[in-house]
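The following exercises concern the architecture of a single protein chain. Each task is followed by a solution worked out in steps.

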Amino acid sequence: MPSSAPPSAPLADIGTAPATPSPVTVTVAQPVCAAPGRPDTLAVNAGRHAAAVREAGTRLVVFPELSLTGYDLTAPAVDPADARLAPLVEACGATGALALVGAPVVEADGRESIATLAVTGGGARVVYRKMRLHGPELDRFSPGERPVVLELDGLRLGLAVCADAADPAHAEETAALGIDAYVASTLYGPGPAQAERLAGHLRERTGAHGVWGVLSTSAGASGEFAETSGCSGVWAPDGTVVGQLGAEPGGLLRVEIPGARERLW
């Protein structure tokens, strides 16, 4: 369960918490990813994200790791103010959604990160940087320095990117800040063994901390991966699966998560 210590201040509030917490509608998306390395890769992916947000019609839409570029470790860093993201910003504004999307980003000091961007009708901004880098990611990117909690309509969302969710210590550090849901944007390799691995990670994290688990993962091709696992899903606080997509790209799964519970921290 989350620590009894007072939580740190959330990174940001996305919407005012209602006096009586209402359920939050959530979609996990695994869109078809554009081919890497093309001049239009970002624009095509942003357009597909926008279409998914409009089709979902939910308050929160979660996308996979590096979803705007695909898992292409050579892709240029994405500026959150890039005009090519305008269709996604407009879709979020039209539906009242917060979209959590993935992209490489560059810091003011030149360091680069694998990041989660929060997109609303007001624009896009970096809200989290992947902490548990691995393999060739370390050749280019710097790890994030701390876990992050994003507050949406009173619901506290602990953010994770891929290998973060594979490490129990990351969930423990994040849950210690006081969260209602652990939200992961990931990519797993193809095949049923990897699908079971991702399900096991979320089953363990949610059960260990008594929080909801929300995982969006790539399906089909993504960057350097010709095939990935799919099987995005949502897990209840007791570790049971509420719903899960299959391996095919293009799917959306909508789930309603209860409003923020009574706080003990």
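A cavity is a set of grid points where a 1.4 Å probe fits but cannot get out. The model examined here is predicted.

**Exercise 1. Overall composition**

Determine how many helices and strands the chain contains, and what share of its residues is buried.

Solution. Step one is the secondary structure, which comes to 6 helices and 13 strands. Step two is burial: 57% of the 265 residues count as buried. Step three considers contacts between residues at least 6 apart in sequence; 68% of these join residues at least 24 apart.

**Exercise 2. The packing of H1 and H2**

Classify the relative orientation of helix H1 and helix H2, and describe their contact.

Solution. Two packed helices are described by the angle between their axes and the distance between the axes. For H1 (residues 41-56) and H2 (residues 86-95), the angle is about 10° and the axes are 8 Å apart. Angles under 35 degrees count as roughly parallel, and H1 is therefore roughly parallel to H2. On the H1 side, the contact is made by Ala46, His49, Ala50, Val53 and Arg54. H2 contributes Pro87, Leu88, Glu90, Ala91, Cys92, Ala94 and Thr95. By class, the residues of this contact divide into 8 nonpolar, 2 polar and 2 charged.

**Exercise 3. The cavities**

State how many cavities of 30 Å³ or more the structure holds, and characterise their linings.

Solution. The structure holds 2 such cavities.

- The largest cavity contains about 100 Å³ of space. Its lining has 13 residues, and those nearest its centre are Pro31, Cys33, Pro64, Ser67 and Ser218. The lining of the largest cavity divides into 7 nonpolar, 5 polar and 1 charged.
- The second largest cavity has a volume of about 30 Å³. Among its lining residues are Pro64, Glu65, Leu66, Val101, Gly102 and Val161. Strand E4 (98-106) and strand E5 (112-120) each supply at least two residues of this lining, and E5 gives the largest share, with 3 residues. By class, the lining of the second largest cavity has 6 nonpolar, 3 polar and 1 charged residues.

**Exercise 4. Positive phi outside glycine**

Locate Leu66 and Asp153, and decide for each whether it is buried or exposed.

Solution. Leu66 has a positive phi of about 50° although it is not a glycine. Leu66 is found in the loop between strand E3 (60-62) and H2. Buried means under 20% relative accessible area; Leu66 is buried because its relative accessible area is 2%. Leu66 also belongs to the lining of the second largest cavity.

For Asp153, phi is near 55°, again a positive value in a residue other than glycine. Asp153 lies in the loop between strand E7 (149-152) and strand E8 (155-161). Its relative accessibility is 18%, so Asp153 counts as buried.

**Exercise 5. The surroundings of Glu173**

Which residues does Glu173 contact, leaving aside its neighbours within four places in sequence?

Solution. The first step is to place Glu173 in helix H5 (residues 168-175). The second is its exposure: Glu173 counts as partly exposed because its relative accessibility is 33%. The third is the contacts themselves, which are made with Met131, Arg132 and Pro147. Finally, the C-alpha atoms of Glu173 and Arg146 are separated by 8.7 Å, the two residues being 27 residues apart along the chain.

Methods
Residues numbered from 1 in each chain as written. Predicted model: local features only at pLDDT ≥ 70, side-chain atom pairs only at ≥ 80, totals over all residues. Heavy atoms only, no water. Axes fitted to C-alpha atoms, helices over the stretch in contact; angles between N-to-C directions. Helix = DSSP H or I, 4+ residues; strand = E, 2+ residues; numbered from the N terminus. Parallel < 35°, antiparallel > 145°, perpendicular 65-115°, else oblique. Contact = heavy atoms within 4.5 Å. Nonpolar A, V, L, I, M, F, W, Y, C, P; charged D, E, K, R; others polar. 1 Å grid on protein atoms, 1.4 Å probe; cavity = no way out; pocket = protein on both sides within 12 Å on 5 of 7 lines; lining within 4 Å. Points joined across faces, edges and corners; volume = space filled by probe spheres on them. Buried < 20%, exposed > 50% of the residue type's maximum accessible area, 1.4 Å probe, protein only.
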